[in-house]
Amino acid sequence: MITLIRGGWVLTMSERELPAGDVLVTDGTIEAVGVGLTAPPGAEVIDATGMLVLPGLVDTHRHTWQTPLRHLGAQWSLTDYLRRLLHDIGARFRPEDVYAGTLLGALAALDGGVTTLVDWSHIQDSPRTADASVAALRDAGIRAVFAHCDRLRPHGQPRSGTHLAELRRAREELLPEDPKDGALVTLAMGAHGPDFTDIESTVTDFALARELGIPITTHVAVGRPGPHQRGIAAMDGAGLLGPDLTVVHANGASADDLRRLADHGVSASISPQIELTMPELGASVALRRMLAAGIRPGLSVDSESVASADLFTQMRFALAAHRTDTDNEQEKEPPLPAIEALRLATVDGARTAGLADQVGTLEPGKAADLIMLRADAVGLAPVRAAADAVVLAAHPGMVDTVLVAGRTVKRDGRLLADLDRARELAAATADHVLGAGDPTLVTDR
Ligand SMILES: [Zn+2]
C-alpha cells in the first residue's frame, strides 16, 4: 500500500519546513519527504494543496475512561475531583463503561489530530477491564500506550492486592509486543507513586514494571511547591529514577527535584489547562523551570471532566503559562516562540511517551502518523507563518485528514468511525454512573 501526499506545506518538526512538499508512505511507514516526489504505479495520491501537513500530535497523559464525565468538574478543586470522580463515581464504572469512555475519548483525540495517546487508565480492577480498555483503543484505531493502573481508593483503604498480577497478565497475554515490534497499542505501568500511596509500594510496583520491560508513568509533586513535596526526593533516595519514568504534572517540584529528574533522564508530562484552572492543582505550570533544567516535557489533556479534548488548547495554555511565569517578572528571558509549543505537542511528546523512534516528526523510517490542517480555513487564512498559525489559532474543526500508521481515520473533516454508537455508549455510561434523572448530582453551580 503506497500513498503520496502531494503539494502540502509540510512541517516535519525536525529540521525542514517545505512550503510545497510531498510525503511518500509505504505500508504505514514514511519512505520519503521532499519536493516533486513521483507517485509509484498504483499509489494513492492525496492532494494536500492548501493544507498544512504535520506529524500527528501526542497526548502524554489522558484518563480516557473519564470521557463520559465531560465537563462535570468545571468548578471542582483537586480534592473534589479525587473524592467525587475517582473515589465515588469511579467505583461505579463497569468494564463496558471503561470501554465506552475510552472509545469516545480516543475518537475525540483523533478528531483533533492526536494520533498517539498515553491512556492513563487508573480504573483497572479486573482483567475484563483491561481487555475493555485495549479493545476500545484498537477499535478507535489510535496509537496508544495503555498505562495500566489500579483504581485509586480513598486514603487509608487498602489496594486491591491483585493489580500486580493483573499487570503481569496484561503484559504476557494482552500486550506482549513493544513499540519497536510495530505494535500500535503497547503497555506501560501507571503507578500511584509515593504521593498517593507510599515509597514501599512504589518500590514494589516499579520493580515489576522493570522486570516486564515496560515504561512507568506516575503523578508526583502535584500542586504548590513546598517542603511537603517529598515524592521526587523519596524516589531518588530509593534509586527509582530513570529514563523509563515519566512524571505527571510535577508543578510543585523544587529546583533540586527538577535537577534530580534531569540527571536521571526522567521525562515529564504537563497539563497546562488543568494546572492553571483547577484549585489546589497549583495555579502554575512548571514549563519554564523544566526547560531551564533541561527537561522538555510533553503536553497532556489529563481529564475531559475539566479540560478540552484537543492539544491545540494545551499548546495555547502552555504558551500563556510560560509567558506569564511570575519567576520571569523582570522579563529577563525572551518570550517562548510559539513553535516551541508545537514541538512539545509532537517531538517532545513522542519522546515522553517512549516513542521517539516511531513518531513525533515526519522523517523517513518513522510511522506515517500525520495530520493535514486546512490552511484555507476562514479562521486561519492567509497563512504566512505555518507553525505560529497552528499554535495560535488551529482547532479540531480545521483538521481535515488524519493518518495513523498510514491508515486514514479522518478524511475531508470527518472521522471514519461509527460516532453514533460511540456517543450512545458514552451516554448510557453517564446514565449508569451518574443516574439518569438528576443531572445536577455531581455539579455545584
Ligand atoms: Zn492525571
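Tutor: Let's start with a bit of vocabulary: Ala, Val, Leu, Ile, Met, Phe, Trp, Tyr, Cys and Pro count as nonpolar, Asp, Glu, Lys and Arg as charged, and the others, Gly among them, as polar. Keep in mind too that this is a predicted model.

Student: Okay, so how does the lining of the largest pocket divide into those classes?

Tutor: There are 13 nonpolar, 9 polar and 7 charged residues in that lining.

Student: And how do I read the pocket itself?

Tutor: Rolling a probe the size of a water molecule over the atoms shows where empty space is left. Here the largest pocket holds about 460 Å³ of space. Its lining has 29 residues, and Pro215, Pro243, Ala353, Gly354 and Leu355 are the closest to the centre. Strand S9 (185–191), strand S11 (245–249) and helix H13 (347–352) are the elements that each give two or more residues to this lining.

Student: What about the second largest pocket: how much space lies there?

Tutor: About 260 Å³. Of its 17 lining residues, Leu152, Arg153, Pro154, His155 and Phe196 sit closest to the centre. By class, that lining has 5 nonpolar, 7 polar and 5 charged residues.

Student: Next, the metal. Which residues coordinate the zinc ion?

Tutor: His61, His63 and His219 each use NE2, and Asp302 uses OD, at 2.1 to 2.6 Å. The angles among the 4 donor atoms run from 80 to 173°, and the site is irregular. Along the sequence, the donor spacing reads H-x1-H-x155-H-x82-D. One pair links distant parts of the chain: His63 is in the loop between strand S6 (57–62) and helix H1 (78–89), while His219 is in strand S10 (residues 216–220), 156 residues apart.

Student: Are those two buried or exposed?

Tutor: His63 has a relative accessible area of 2%, and His219 comes in at 11%. Both values are under 20%, so both residues count as buried.

Student: How do I read an aromatic pair?

Tutor: A pair of aromatic rings is described by the distance of the centres and the angle of the planes. Searching the whole structure turns up 1 pair. The ring centres of Trp65 and Phe93 are 4.9 Å apart with their planes at 85°, so this pair is edge-to-face. Trp65 belongs to the loop between S6 and H1, and Phe93 to the loop between H1 and helix H2 (95–111), 28 residues apart. Trp65 is buried at 0% relative accessible area, and Phe93 is buried at 5%.

Student: Last one: how many residues of helix H12 (residues 338–345) are buried?

Tutor: 6 of its 8, so H12 is mostly covered. Those buried are Ala338, Glu340, Ala341, Leu342, Leu344 and Ala345.

Methods
Residues numbered from 1 in each chain as written. Predicted model: local features only at pLDDT ≥ 70, side-chain atom pairs only at ≥ 80, totals over all residues. Heavy atoms only, no water. Donors = N, O, S within 2.8 Å, 3.2 Å for Na, K, Ca; no water. Tetrahedral: all angles 85-135°; square planar, octahedral: opposite > 155°, others 65-115°. Helix = DSSP H or I, 4+ residues; strand = E, 2+ residues; numbered from the N terminus. Buried < 20%, exposed > 50% of the residue type's maximum accessible area, 1.4 Å probe, protein only. Phe/Tyr/Trp six-rings, centres within 6.5 Å; stacked < 30°, edge-to-face > 60°. 1 Å grid on protein atoms, 1.4 Å probe; cavity = no way out; pocket = protein on both sides within 12 Å on 5 of 7 lines; lining within 4 Å. Points joined across faces, edges and corners; volume = space filled by probe spheres on them.
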